[in-house]
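Biologist: I have this one open now and would like to talk through the fold with you. Could we start with the overall make-up and then go to details?

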Amino acid sequence: MKAQTAINTFVAETGGYIAAQLEACTRCGMCAEACHFYQATGNPEFAPVWKIELLRRAYEQRFTLSGKFKTALHLDKPITDDDIAHWSMIDYYACTMCNKCSMVCPMGINLGPLIHTMREGLSAAQAVPADLKAAVNKQETEGSPLGVTDAVFAQRIEWVADEWEIEMPMDVKGADTLVVFSSIEIMKFPTNLAAIAKILNAAGEKWTLSKKGREVVNFGFYEGNEKLTVEFMNRVFNAAKELGVKRIVVTECGHAYDALRWTAANLMDVPQGIEVVHIAGLLGEYVKSGRIKLKPGALDGNGIITFHDACKIQRRGGHIQEPRDILNILAPKSFKEMTPNREQAICCGGGGGVIAIKDADPIRYAAFELKIEQINHVGAKTVAMACSNCRLQFTDCVQHFNLDWKVAGLAQLVADALVE
């Protein structure tokens, strides 16, 4: 029975920390107003506190006297297979794991990780949306959710190197830095590969790519499958160890940065002496140290430009100031902030695997209308960001809503404005 499998997972994961979080919740509902899916649709089931309802029920019914009493008197219902199917839609279709809800919780409850625990139970019960599961399976068997096999990877890198006449070092032992792109960049935004290579070469970085550690996206993390999450991260870490690098640079991907930088240490033995950094932070470091120089005002004269804060890079990762420092050099007259921004920014609606689920399209499009309102309010014609998953959501929604915006990756803007 799917319900029992999920319950067993919830119970196994509910230690003192999760129990304390669940006990602390007053069910005040303040988290709802922070959720872009709730804001966009008004559906009360999209309130973050409701997304963890099965976790709460499993905890109370198994561990608390009141929960056992209510269940015995049929005042509280046991979790059923129908519940598992229903909450699969709620937790996968209408949550990007952006964790903005945690920032408004008066009790300090970390809701994002609790929703991730919900996904772990749903994953164990094999209640994962088919599209998302297919992508997970593809990453397991082929090395990439978008089909970037060994052969495809080699072809794409060779093509980028030839097309943009840029050096793309591969499997260089003794390099300082391993750069790992996402399959979204490799297949959808190949100019990102050339842009980042151009920047690294201009900075004099000793860097390399890896055939074995070629995919930074982690669909096991999206699913809530701990075994596969670790397996996919190990592909990158093992490649880094073999090459003897000092750091791994996660390119324009938010969830991958979260997984490798923070989650990994809670799930596995992370190799010592290897730093994990995001390209947004590295760009800021290069500019501040003078390793690269940018043309001041390079983007002025093309209308207002604004910046979209990616949840896992800015709110979670803290790389809030570096993109703004860069844009204030490139567009001192035309850079304008959306409101809210920085830690309080509104999620794009496509992260956490949501964009991979076709049936979730109406919900993510509804959530994106909040971004449309924000961007139109500042009158921006260009939207920059440092996450390719966000960029994929933006480009898809620009087409869906017939918007006249330019969507740009931060690294591309930097590469185009380099003083050579």
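Modeller: Helices here are DSSP runs of H or I with at least four residues, strands are runs of E with at least two, and both are numbered from the N terminus. Please keep in mind that this is a predicted model.

Biologist: Fine, so how many helices and strands does the protein have?

Modeller: The protein has 22 helices and 7 strands. Its radius of gyration is 22 Å, close to the 22 Å that the globule rule gives for 420 residues, so the protein is as compact as a globular protein of that length.

Biologist: And what box do the C-alpha atoms fill?

Modeller: Taken along the principal axes, the box is roughly 75 × 50 × 35 Å.

Biologist: Now the N-terminal end: at what angle do helix 1 and helix 5 pack?

Modeller: Helix 1, residues 2–13, packs against helix 5, residues 53–63, at an angle of about 75°, and their axes are 9 Å apart. Angles of 65 to 115 degrees count as roughly perpendicular, and the two helices are therefore roughly perpendicular to each other.

Biologist: Which residues meet there?

Modeller: From helix 1 there are Gln-4, Ile-7, Asn-8, Phe-10 and Val-11, which meet Leu-54, Leu-55, Ala-58, Arg-62 and Phe-63 of helix 5. By class, this contact has 7 nonpolar, 2 polar and 1 charged residues.

Biologist: Changing topic, are strand 6 and strand 7 parallel or antiparallel?

Modeller: Strand 6 (residues 380–385) pairs with strand 7 (residues 406–409) in the parallel sense, over 4 bridges, and Thr-382 stands opposite Lys-406 in strand 7.

Biologist: Which helix does the chain cross through between them?

Modeller: The chain goes from strand 6 through helix 21, residues 388–400, to strand 7, and this β-α-β crossover is right-handed.

Key: Residues are numbered from 1 along each chain as its sequence is written. This is a predicted model: local features need pLDDT of at least 70, side-chain atom pairs count only at pLDDT 80 or more; totals for chains, interfaces and linings use all residues. Side-chain values use heavy atoms; hydrogens and water are left out. Axes are lines fitted to C-alpha atoms, for helices over the stretch in contact, and angles run from 0 to 180 degrees between N-to-C directions. Angles under 35 degrees count as roughly parallel, over 145 as roughly antiparallel, 65 to 115 as roughly perpendicular and the rest as oblique. Contact means heavy atoms within 4.5 Å. Ala, Val, Leu, Ile, Met, Phe, Trp, Tyr, Cys and Pro count as nonpolar, Asp, Glu, Lys and Arg as charged, and the others, Gly among them, as polar. Two strands pair if DSSP finds at least two bridges between them. A crossover is right-handed if, with the strands pointing away from the viewer, the path from the first strand over the helix to the second runs clockwise. The radius of gyration is taken over C-alpha atoms; the globule rule is 2.2 Å times the number of residues to the power 0.38.
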